[in-house]
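Colleague: I have a model open and some questions about it. Can we go through them briskly?

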Amino acid sequence: MAQNTVEKTPVTMLGLGAMGTALGRTWLAAGHALTVWNRTPARAAALATEGAKVVDTAAEAVAANTLIVLCLLDDTSVDEVLAGTDLAGTDLAGTDLVNLTTSTPAQARARAEWARERGARYLDGGIMAVPPMIGVPETGGYVFYSGSRNLFERHQETLSVPAGTTYVGEDAGFAALHDVALLSAMYGMFAGAAHAFALIRKEDIDPAALAPLLADWLVAMAPAVHQTADQLRSGDYTKGVVSSLAMQVAGTPTFLSTAEQQGVSPELLSPYFELMRRLLAEGSGEEDLTGVIDLLVN
Ligand code: NDP
């Protein structure tokens with residue numbers, strides 16, 4: 001019988017927390033040789049039984065393969081781990097570093113520079129998934145990548161094993177920026193949902209009955225971001241306006257009075273309403289809410 005003799009890229013993983021373990025498992029399952037290191041050795045046991053080679057130091061792990069994937073707690077832990085390889089005199093020239101540790105754009109750019117100074121290629125990643133979504137394509141989980149396009153293209157097939165890949169540019173900070181932008185929007189959505197549930201909390205309304213109505217409404221409203229983007233690009237914030245700022249500001253007392261009547265603090269809603277009122281005071285009544293974005297940018 002014909003055998004698939006194309007060798008899959010060997011991968012080194014540094015960091016075997018919940019996410020690192022989930023990522024590593026998919027490479028093993030897909031037939032990639034996997035070398036792993038974790039600060040607490042016991043956490044490598046699961047992947048060892050699945051075929052991973054466990055090494056004692058980060059320096060050994062880095063020396064084992066060209067493609068090195070980091071998935072550590074934060075940028076400080078990346079600092080400590082990579083400083084360890086540096087001290088061990090590990091030669092990073094020709095190494096492909098893919099850092100999936102959540103960081104800020106500035107941290108990602110500094111890390112890219114750190115790698116460049118040592119002759120390594122660098123790709124930063126922002127994971128848009130939780131561990132159970134890794135290796136399960138139908139969940140829609142994916143990873144933002146930014147930094148060396150060359151490195152991304154070279155390893156795209158391997159990087160596509162755990163989750164989808166979305167490359168967002170040569171600027172190493174862009175993956176982190178996209179990651180934080182999407183998660184920030186998510187927290188805004190969670191804040192709105194928290195206020196909605198608070199409004200019915202003391203009533204004879206089943207939260208489980210509100211939930212599907214809420215989810216459908218949020219989905220119905222989500223495409224509004226396309227109009228916002230269109231207005232930002234054109235600079236015309238009156239383009240396609242359906243509900244003017246003036247009309248919406250006039251409605252805010254209804255929301256605040258309802259919150260008061262229900263014994264609910266308006267502290268999640270009020271900051272946004274305050275920005276809307278400032279915008280109206282600047283004479284933007286016929287516009288959409290897009291001008292709020294400019295009020296936020298210093
Ligand atoms: P865990 O807390 O499960 O694991 C953290 C990992 O970092 C462990 O391997 C831990 O080692 C290691 N670590 C922490 N501090 C140090 C240090 N000073 N030196 C060496 N190693 C250190 O986190 P996750 O695996 O869940 O997350 C990893 C990354 O993935 C994070 O940046 C997170 O933001 C990101 N991510 C996680 C998601 C999730 O839902 N879990 C979702 C999207 C992104 P040890 O075992 O020795 O403690």
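Colleague: Into which domains is the chain divided?
Modeller: This is a predicted model. The C-alpha centres of its two parts lie 38 Å apart. The division gives domain 1 (11-171) and domain 2 (178-297).

Colleague: How many residues does the contact take from domain 1 and from domain 2?
Modeller: Contact here means heavy atoms within 4.5 Å. On that basis, domain 1 gives 7 residues and domain 2 gives 4 residues.

Colleague: What is the area buried between domain 1 and domain 2?
Modeller: Interface size is often quoted as the accessible area lost when the parts come together. Here carbon and sulfur atoms give 75% of that area. The total is about 460 Å².

Colleague: Which three residues supply 64% of the area that domain 1 buries against domain 2?
Modeller: No other three residues supply more of the domain 1 side. They are M128, F144 and V168.

Colleague: Which element gives the largest share of the side of domain 1 that touches domain 2?
Modeller: Two elements give two or more residues to that side: β6 and β7 (142-147). The largest share is 3 residues. It comes from β6.

Colleague: How many salt bridges cross the interface of domain 1 and domain 2?
Modeller: Take polar contacts as well. Between domain 1 and domain 2, 0 residue pairs are in polar contact, counting pairs with both at pLDDT 80 or more. For salt bridges across the interface, the count is 0.

Colleague: What should helix α1 span, at 1.5 Å a residue?
Modeller: Helix α1 covers residues 18-29, which is 12 residues. The expected span is 1.5 Å times one less than the number of residues. The end C-alpha atoms are 17 Å apart, which agrees with the expected 16 Å.

Colleague: How many residues of α1 are buried?
Modeller: Buried means under 20% relative accessible area. Among the residues of α1 that pass are M19, W27 and L28. The buried residues pack against several elements, including β1 (11-14), β4 (67-70) and α6 (149-159). α1 is mostly covered, and the count is 9 of 12.

Colleague: Is Q231 buried or exposed?
Modeller: Q231 lies in helix α9 (residues 224-234). Beyond four places in sequence, Q231 touches D236, Y237, K239, V241, D288 and T290. Its relative accessibility is 1%, so Q231 counts as buried.

Colleague: Which residue forms a salt bridge with R111?
Modeller: The closest N and O atoms of the pair are 3.2 Å apart. R111 is in α5 (residues 105-117) and its partner in α4 (residues 75-87), so the pair ties together parts 32 residues apart in sequence. R111 is buried at 5% relative accessibility, while the partner is partly exposed at 39%. That partner is D79.

Colleague: Which residue is linked with D79 and R111 in a network of salt bridges?
Modeller: The structure holds 10 salt bridges. One network links three residues, D79 and R111 among them. The other is D75.

Colleague: How far apart are the closest N and O atoms of R154 and D96?
Modeller: R154 is in helix α6 and D96 in strand β5 (residues 96-99), 58 residues apart. R154 is partly exposed at 46%, whereas D96 is buried at 0%. The cut-off for a salt bridge is 4 Å. The pair forms one, at 3.8 Å.

Colleague: Is R116 buried or exposed?
Modeller: R116 meets E113 in a salt bridge at 2.7 Å, N to O. Both lie in α5, 3 residues apart, about one turn of the helix. E113 is partly exposed at 33%. R116 has a relative accessible area of 54%, so R116 is exposed.

Notes: Residues are numbered from 1 along each chain as its sequence is written. This is a predicted model: local features need pLDDT of at least 70, side-chain atom pairs count only at pLDDT 80 or more; totals for chains, interfaces and linings use all residues. Side-chain values use heavy atoms; hydrogens and water are left out. Helices (H or I, at least four residues) and strands (E, at least two) are DSSP runs, numbered from the N terminus. Buried means under 20% relative accessible area, exposed over 50%, partly exposed in between (1.4 Å probe, protein chains only). Domain bounds come from an automatic or database domain assignment. Buried area is the accessible area (1.4 Å probe) that two parts lose on being put together, summed over both. A salt bridge is a side-chain nitrogen of Lys or Arg within 4 Å of a carboxyl oxygen of Asp or Glu. A polar contact is a pair of N or O atoms within 3.5 Å; within protein, one must be able to donate a hydrogen and the other to accept it, and residues adjacent in sequence count only if both atoms are side-chain atoms.
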